[in-house]
Amino acid sequence: MGVLPSTAKAVIIGGGIVGCSTAYHLAKLGWTDTVLLERHKLTSGTTFHAAGLVGQLRSNANITQLLGESVALYDRLEEETGLGTGWKMNGGLRLACNEARWTEVKRQATTAHSFGLDMQLLTPREAQELWPLMQVEDVIGAAYLPTDGQANPSDITQALAKGARMAGATLLEETDVTSIVVEDGRIRGVETNRGRIDCEIVVCCAGQWSRALAATVGVNVPLVSVQHQYMVTEVVEGVTPDLPTLRDPDRLTYYKEEVGGLVMGGYEQNPLPWAEDGIPPGFNFSLLDSDFDHFQQLIELSLGRVPALETAGVKQLINGPESFTPDGSFILGEAPELPNFFVGAGFNAFGIAAGGGAGMALAEWIHAGEPPYDLWPVDIRRFGRPHFDTDWVRSRTLEAYAKHYTIAWPSEEHDSGRPCRRSPLYAQLKQKGACFGEKLGWERPNWFADRAAGETPQDVYSFERPGWFEAVAREHRAAREAAVIFDQTSFAKFVLKGPDAAAALEWICANHVDKPVGRLTYTQMLNDHGGIECDLTVARLGLNEFYIVTGTGFATHDFDWIRRNIGAGMNAQLFDVTSSNAVLSLMGPRARDVLQAVTRDDVSNEGFPFGRARRIGIAGCPVLALRVTYVGELGWELHLPVEYAVSVYQALMEVGAEMGLADAGYRALETLRLEKGYRAWGSDIGPDHTPVEAGLDWAVKLRRNTPFKGREAIEVQKRDGVAKRFACFTLEDPGITLLGRETIYRNDRRVGWLSSAGFGHTLGRPIGYGYVRDPDGVDADYLESGRYELEVATERVPAVFHAQPLYDPKNEKVRC
């Protein structure tokens, strides 16, 4: 059992693969007084019954890289520790049995190529040669990734544990954490059944127990337990040790070799939750009763693919509950609610694939105070208010589980837990034909159906032109030719107040914000490497008051970033006022005509210049009007108390009817911003991209002798140059659909991938943006001198590079 130390630098709670991997990597970083505590035995929670498939490709480059870190670690771990891991790189197959799935697979292959993985497309016969036991009559094609594989979950965890001990960490079993000691908002230690350990850092890797444990100190970890079953057979003739793993998503099933037999499991579309009232005590090395009736649906699907299963002996039907999350991605990072409380949990049944890399990333995050690279898709700060409700989390999680093997359509929305957060205009816009999407619980109009023309406000998904294409084109044209209103009430909105508010923001913001009252500033907030952590607008409302507006999905992240970077001792308080204000964005060449018709205030260009913030009166409402645009047209964001939203909206629509004013949704907002070249945080820009690389250095106050976070890194890039630059591309063929992640080729060499893409309805052609990379440096001449192609669903097509925005409303230029 080992002696319980009285102090530790960090305490890790949970001895599964993620906890042991974190201990291993922390010890390798020199944190030798790291202590891992496991309430029973290592692997006794979820890890021991994991299936053990290791796939790498994800829709995000950095998460793919993280899973690649797992593969690299598992490749060397046995030699390093002397313990077998069961790891073998036997490759992975994925089948496609209909045209839509085959299109998805081909696009996944291009994504793999973008991220540097050798995914190969195979004919049905070639796939069968790799996996001779399967029938392929219904198979259209397959993808094969040679570097995928499988591992023995318990063995690989024990090897990580040994490696951690060899590097100096302490791992203690039969040590149950009974409470986490927090005093004055800081972690002071943990109490266990064997005594107390004083520490300042706690790492919660407690699997499906994480939500309840974290809640005891006010931290929200949105995960729930779901039953997951797989079958283990006796020896099956023809199964060889080098048989690749196999995923058959159209039949909802997966397979791997195990001791001459097969493991077969899957993701049914009617999943069963577990432990809705809490996990029972003593649930160690425990399984649930096998549910053959529920599993029968997967058996029937599998028999059509692997007929040998019909006569195979069944060793066991394993029913092991695992933690799943509302969006199907795991959870990493420092909790925004409590400093030095880190989380690594919610691995959605691919904890073995992610465990090695996740432990590395979490250890680096703890050690350096920041992740090794942008991990936004798994960052704990991606969650928000709806995720505090366990019933909401469970509802969304069950939907995500059920969609694990369904086709991942572009722009697909979830249905569960809706509607949750609603703008005051929700009912009115729904009646007018709005088709809503959801973000962080908010219902947001994505597009509007023309009911008079027989359109139905319902998404029809496609890898080509989706069902809303013409509706969005209609809204796009209205924004370019007349004016539109976007309901952007879901914007995250903060107020920073206090005598030191201006000084605090001058340090945090890359742009100059200490301007006269009434000025509005677009700015980034940078990390110490110059990477863009936030992309937002700041309006000065008073001497000691600033109004900050950022994207809906970044509410938790951006609030946390600002709060934790306010200088020690500064008198500045940050408040979230998101729910207090509605936002109506009035955009288009006739926006001024509409606005002037409902207010006595002067909104002429002389009276209300760009980049200003003023209070104006509309329909009896004091409106905070921000002269800003994200669509490349004249426009204002109108921020107003929620109780006035309906009155102000109706006033605008009434006077705007004769001017062509129309409703518009977020999908038109996207196509409009693509034409103008505005960047989107989370895709085009983020912590791995600097303003210099992104072409946003015009918004950085380098000419002022003012210190700000990240300044030194930006000065170095301005002096020495950069190895990647943001670039714009179009295709001549309007029939090709760009979705993002298409591979960029320059002079026949792979140099990057598209970070965002869509169709430019003013241009009449597809648009894509991405970073062109070259380790020897990328400047304007390099970009302009290349010959470019984009790989779309494995086919390369010529592309045109553009150095300037494609659309300029000042002179109505359209660059093609």
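Buried, on this tour, means under 20% relative accessible area. Keep that cut-off handy, and remember that you're looking at a predicted model.

**Stop 1: Asp-684**

Select Asp-684 and you'll land in the loop between α16 and α17, the latter spanning 691-694. Is Asp-684 buried or exposed? Its relative accessibility is 0%, so Asp-684 counts as buried.

Now show the side chains around Asp-684. Look for Arg-673: its side chain makes a polar contact with the side chain of Asp-684, at 2.7 Å. Leaving aside residues up to four places away in sequence, what else does Asp-684 touch? Besides Arg-673, pick out Tyr-678, Arg-679 and His-689, then Phe-726, then the serines Ser-755 and Ser-756, and finally Tyr-769 and Tyr-771.

**Stop 2: α16 against α11**

Next, select residues 666-676, which make up helix α16, together with residues 469-481, helix α11. Two packed helices are described by the angle between their axes and the distance between the axes. Here the axes come within 9 Å and cross at roughly 55°. Angles from 65 to 115 degrees would count as roughly perpendicular and those under 35 as roughly parallel, so α11 and α16 are oblique to each other. Their crossing is right-handed.

Turn on sticks to see who meets whom. From α11, light up Val-472, Glu-475, His-476, Ala-479 and Arg-480; their partners in α16 are Arg-667, Ala-668, Thr-671, Leu-672 and Glu-675. Color this set by type and you get four nonpolar, two polar and four charged residues.

**Stop 3: α1 against α2**

Hop over to residues 17-28 (helix α1) and 61-81 (helix α2). The axes of this pair come within 14 Å, with a crossing of roughly 70°. That angle makes α1 roughly perpendicular to α2.

Which residues of α1 meet α2? Select Ile-17, Tyr-24, His-25 and Lys-28 on the α1 side, then Leu-73, Tyr-74, Arg-76, Leu-77 and Glu-80 on the α2 side. By type, the residues of this contact split into five nonpolar, one polar and three charged.

**Stop 4: Gly-278**

Last one: click on Gly-278, in the loop that runs between β17 (273-274) and α7 (292-303). With 42% relative accessibility, Gly-278 counts as partly exposed, because it falls between the cut-offs for buried and exposed. Before you close the session, draw a distance from the C-alpha atom of Gly-278 to that of Trp-209: these two residues sit 69 residues apart along the chain, and the C-alpha separation is 8.9 Å.

Conventions:
Residues numbered from 1 in each chain as written. Predicted model: local features only at pLDDT ≥ 70, side-chain atom pairs only at ≥ 80, totals over all residues. Heavy atoms only, no water. Axes fitted to C-alpha atoms, helices over the stretch in contact; angles between N-to-C directions. Helix = DSSP H or I, 4+ residues; strand = E, 2+ residues; numbered from the N terminus. Parallel < 35°, antiparallel > 145°, perpendicular 65-115°, else oblique. Left-handed = near helix turned anticlockwise from the far one by under 90°. Contact = heavy atoms within 4.5 Å. Nonpolar A, V, L, I, M, F, W, Y, C, P; charged D, E, K, R; others polar. Buried < 20%, exposed > 50% of the residue type's maximum accessible area, 1.4 Å probe, protein only. Polar contact = N/O pair within 3.5 Å; in protein donor to acceptor, adjacent residues only side chain to side chain.
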